[in-house]
Each structure stands twice: as C-alpha cells, then as structure tokens.
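Good morning, and thank you for making time for this presentation. I would ask you to keep the sequence and the structure in view while I speak.

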Amino acid sequence: MAGDGGLSGVQMDKDEGKDTDKDKDMDKDADKERDKDADNDKISHLKDSALVARSVLRNPAPQQEVELKVGQELEREQEQEVELELEQEREQEPQLEQEQELEQERELELETQQEVEYDLELVLIRHGHTQWNKERRYLGSTDLPLLPEARQQLSALSDQSALGGEFWRVYCSDLLRCRETLAAVAPHLERQAIYDSQLRELDFGAWEGGDYEQLKDNGHYRSWIDHPELVTPPEGEAWEQFEARVDDFWTQLEQELEHTSINRGMPWIETSEPRVVPPAVVPPAAVSLVPDSSPNPPPPRVLIVTHGGIIRLLLARLTEGVTFYTVAAPAPGEVTVLNLRKDEGAWRMMPREV
C-alpha cells in the first residue's frame with residue numbers, strides 16, 4: 001500500500017509537471033497572438049498614413065493649394081527674369097563689340113596722329129589796296145573793291161616763284177577785295193579756289209569806316225585797343241568768335257592734310273567752277289587721291305588769299321615766340337611763304353631752300 005501510495009505521488013507530480021508545461025505553451029501562444037496583433041496594427045496604421053498622404057497630395061487643403069500656386073508663380077517669374085537678362089545680354093553684345101571696335105579705331109588714330117610727321121608750304125597773300133586802306137579806315141566786313149591801280153600792281157606779282165606750280169588747296173575770303181586779288185595774281189588758280197567766309201576780316205561793327213582820329217576819344221574804343229580779347233566793338237564781332245572761326249578753318253585743313261600724308265598721295269580738287277562756302281560752313285573734305293610714287297614727294301602747297309587780321313592770327317598760331325600783337329602785319333598785296341613741319345603735334349618753321 002505504502003508502495004502504491006508512493007508511486008501515486010510520483011505520478012501526480014509528473015502529471016502536475018505536464019500541466020505546468022501546457023500552461024507555459026499556452027502563454028507563449030498568447031504572446032505570439034498579441035505580437036501578431038500589434039504588428040497588424042502597425043501595418044494598418046502605416047497604410048492609413050500613406051493613404052492620407054496620397055489624399056493630401058491629390059487633394060491639397062486650400063491653404064496648401066495657395067502656397068503651391070504662389071511658389072509656382074515665383075518660379076515662373078524667376079525664369080522670365082533670367083530669360084530677360086539673357087536676351088538683354090545678347091542684344092548688348094553687338095553694341096559692346098561695336099563700341100570696342102570704335103575705341104580701338106580711336107586709339108589707332110591717336111597713335112597715328114602722334115607718329116605722323118608731315119610738311120606743308122603755306123603761301124599767304126593779303127588783298128590789295130582799297131580806298132579805305134588808303135585812308136587808313138577800319139575795314140572788316142564791308143565789301144569794297146580794289147583800287148584800279150592796285151589791280152595793276154598785283155598783276156605784276158603773278159611772275160613770283162611762290163605763285164608758280166601746283167597747289168594742293170587754294171582758299172580765298174569770299175569778300176570782293178580778296179577775290180579780285182586772287183584773279184589778279186593767279187588767275188589760273190581761280191578754278192580750284194574755295195571761297196570761305198571763315199577767312200573774312202574781323203567785323204568792326206559800328207566802327208567800320210572810322211579812323212583813329214575819329215575814335216581816339218571814345219572810351220569803349222580805347223578799352224578795345226588795350227584789351228580786344230575782352231572788349232567787343234558795338235554791333236561788331238567778339239574776339240573769341242574771330243579766333244574760333246579761324247581755328248575751325250585751320251583744324252579742317254589739318255585733318256585733310258593728315259589724311260593726305262598718311263596715304264602718301266596728293267589730292268587735287270577737280271571742279272570747273274569756283275566754290276563758294278556759305279558763312280559758318282567748313283569746306284567739304286571730298287577729294288580724289290593721286291598717289292605719289294617718288295620716295296620723297298614734295299610737301300603739299302596751300303595758298304590763302306585773305307585779310308591782314310587773319311594772316312596775323314595764323315602767323316601767331318604757327319610761329320614760335322610771337323603773338324597777334326607782336327607779329328608784323330603784311331602790307332596789302334604782300335606775299336608771305338612759310339615752310340612748316342608738324343612734329344609731335346606742333347608746327348615748326350623750317351628753313352627755306354634757296
């Protein structure tokens with residue numbers, strides 16, 4: 001009996017152990033189920049989130065839609081600005097290239113002007129005597145003819161060597177006394193003459209025809225005698241205007257001379273009739289070039305028939321060490337020859353060959 005009871009206790013212990021194992025297995029199964037449920041919940045949450053995100057993208061809220069539109073509009077404006085800048089750059093490129101080319105041409109022209117050295121023979125003739133010259137009256141813009149005896153005296157000058165040969169340019173004041181002087185001393189040059197109003201004498205205004213004795217007690221006149229650059233005759237021409245028109249004439253001549261020297265040719269005016277240049281108009285520069293093939297071509301020769309005041313101003317500009325007030329005025333009908341050389345931008349007198 002005791003033995004049976006012992007076996008039964010052992011058997012009971014075994015049975016109780018089996019029950020405990022079963023309980024553990026059941027607990028494990030329950031844990032697995034809970035874990036599976038949790039995983040399913042996570043997956044379901046993620047799916048729901050993805051669906052919500054897709055829904056938001058497909059159907060954005062009103063505020064989000066406005067923000068998207070604003071962003072797209074800003075993006076389009078930025079693209080348009082970039083395109084506009086690119087278009088402006090493309091439009092400016094040809095202009096910039098042209099400006100650069102012009103700048104290069106200016107620099108080259110400046111270098112050429114600094115390097116070129118050229119000669120000029122300048123022949124100046126003051127017109128012959130008029131009645132007012134004989135009476136020592138102020139004669140500026142008044143258009144008087146020559147005295148009859150003056151024409152005869154001038155005709156005798158036509159044999160001078162200075163008036164022989166060819167001239168590159170022949171300029172003459174358009175007033176009658178200068179035109180008649182050119183016709184008397186060099187009638188063969190009338191055909192190519194340019195009659196230029198810039199070569200007129202200073203306009204003395206109300207003092208035209210007056211003499212020193214008549215004007216010497218006039219305070220305005222006395223001030224003009226002392227400072228003509230500061231005082232202007234009544235109704236007359238200011239000194240500044242007088243200088244400016246003469247300088248304009250000479251600048252135009254220099255430009256044409258420079259062009260001729262660079263091309264090493266001698267331009268000749270081909271015209272059958274004298275040309276008259278109206279007031280304040282510079283003679284045109286249209287010329288035909290005839291190249292000179294000699295190694296040392298003769299310098300261009302220029303003849304100018306004009307008035308005493310113009311000649312004095314030109315001499316003051318071209319002769320070192322003299323001014324308008326110190327240079328000697330040529331007598332009526334006198335011929336003055338200047339051999340000039342322009343070097344480093346300045347004119348210098350050259351000795352004449354005998």
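I shall go through the overall make-up, then the salt bridges, then a charged surface patch, and finally several loop residues.

Let me say at the outset that this is a predicted model. The protein has 354 residues, and 32% of them count as buried. Its secondary structure consists of 9 helices and 9 strands. The exposed surface of the protein comes to about 22,700 Å², and carbon and sulfur atoms supply 50% of that area. As to contacts, if we take those with a separation of 6 or more, residues 24 or more positions apart account for 74% of them.

I turn now to the charged pairs. In general, side chains of opposite charge can pair when their charged atoms come close. How many salt bridges does the protein have? The count comes to 11. I shall discuss three pairs.

The first pair for discussion is Asp119 with Arg341, a salt bridge in which the closest N and O atoms are 2.6 Å apart. Asp119 belongs to strand β1, residues 118-126, while Arg341 belongs to strand β8, residues 335-343; the pair thus links distant parts of the chain, 222 residues apart. Is Asp119 buried or partly exposed? Asp119 counts as partly exposed, because its relative accessibility is 26%. Arg341 is partly exposed as well, with a relative accessible area of 26%.

The next pair is Arg301 with Glu121, where the closest N and O atoms of the salt bridge are 2.9 Å apart. Because Arg301 lies in strand β7, residues 301-306, and Glu121 in strand β1, this pair ties together parts that are 180 residues apart in sequence. Both Arg301 and Glu121 are buried.

The last of the three is the salt bridge of Asp247 with Arg317, with 3.0 Å between the closest N and O atoms. Here the distant parts of the chain that are linked are helices: Asp247 is in α8, residues 239-263, and Arg317 is in α9, residues 308-318, 70 residues apart. Asp247 has a relative accessibility of 28%, so it counts as partly exposed. Arg317 also counts as partly exposed, at 41% relative accessibility. Which residues form a network with this pair? Glu243 joins Asp247 and Arg317 in a network of salt bridges.

Let us move to the surface. A patch of negative charge gathers there, made up of Glu77, Glu81, Glu85, Glu89, Glu93, Glu97, Glu101 and Glu105. Where does Glu105 lie? Glu105 is in helix α2, which covers residues 62-115. With a relative accessible area of 49%, Glu105 is partly exposed, because only a value over 50% would count as exposed.

I come now to the loops, beginning with backbone angles. Most residues other than glycine have a negative phi. Arg136, although not a glycine, has a positive phi of about 60°. Arg136 sits in the loop between α3, residues 131-134, and α4, residues 148-155. Its relative accessibility of 71% is why Arg136 counts as exposed.

Glu235 is also not a glycine, and it has a positive phi of about 65°. Glu235 is placed in the loop between α7, residues 219-226, and α8. Glu235 is exposed, with a relative accessible area of 75%.

Glu235 brings us to Gly205. Leaving aside neighbours within four places in sequence, Gly205 is in contact with Pro234, Glu235 and Gly236. Gly205 is found in the loop between β3, residues 193-196, and α6, residues 212-215. Is Gly205 buried or exposed? Gly205 counts as buried, because its relative accessibility is 17% and the limit for buried is under 20%. Between Gly205 and Ser141 there are 8.3 Å from C-alpha to C-alpha, and the two are 64 residues apart in sequence.

My final residue is Thr326, in the loop between α9 and β8. Thr326 is exposed, with a relative accessible area of 57%. How far apart are the C-alpha atoms of Thr326 and Arg312? They are separated by 9.1 Å, the two residues being 14 residues apart along the chain.

That concludes the presentation, and I thank you for your attention.

Terms used. Residues are numbered from 1 along each chain as its sequence is written. This is a predicted model: local features need pLDDT of at least 70, side-chain atom pairs count only at pLDDT 80 or more; totals for chains, interfaces and linings use all residues. Side-chain values use heavy atoms; hydrogens and water are left out. Patches are made of residues with over 30% relative accessible area and no salt bridge: like charges are joined within 9 Å, nonpolar side chains (Val, Leu, Ile, Met, Phe, Trp, Tyr) within 5 Å. Accessible areas come from the Shrake-Rupley method with a 1.4 Å probe; for residues, only the protein chains shown count as cover. A salt bridge is a side-chain nitrogen of Lys or Arg within 4 Å of a carboxyl oxygen of Asp or Glu. Lys and Arg count as positive and Asp and Glu as negative; His and the chain ends are not counted. The place of a charge is taken as NZ of Lys, CZ of Arg, CG of Asp or CD of Glu. Helices (H or I, at least four residues) and strands (E, at least two) are DSSP runs, numbered from the N terminus. Buried means under 20% relative accessible area, exposed over 50%, partly exposed in between (1.4 Å probe, protein chains only). Contact means heavy atoms within 4.5 Å.
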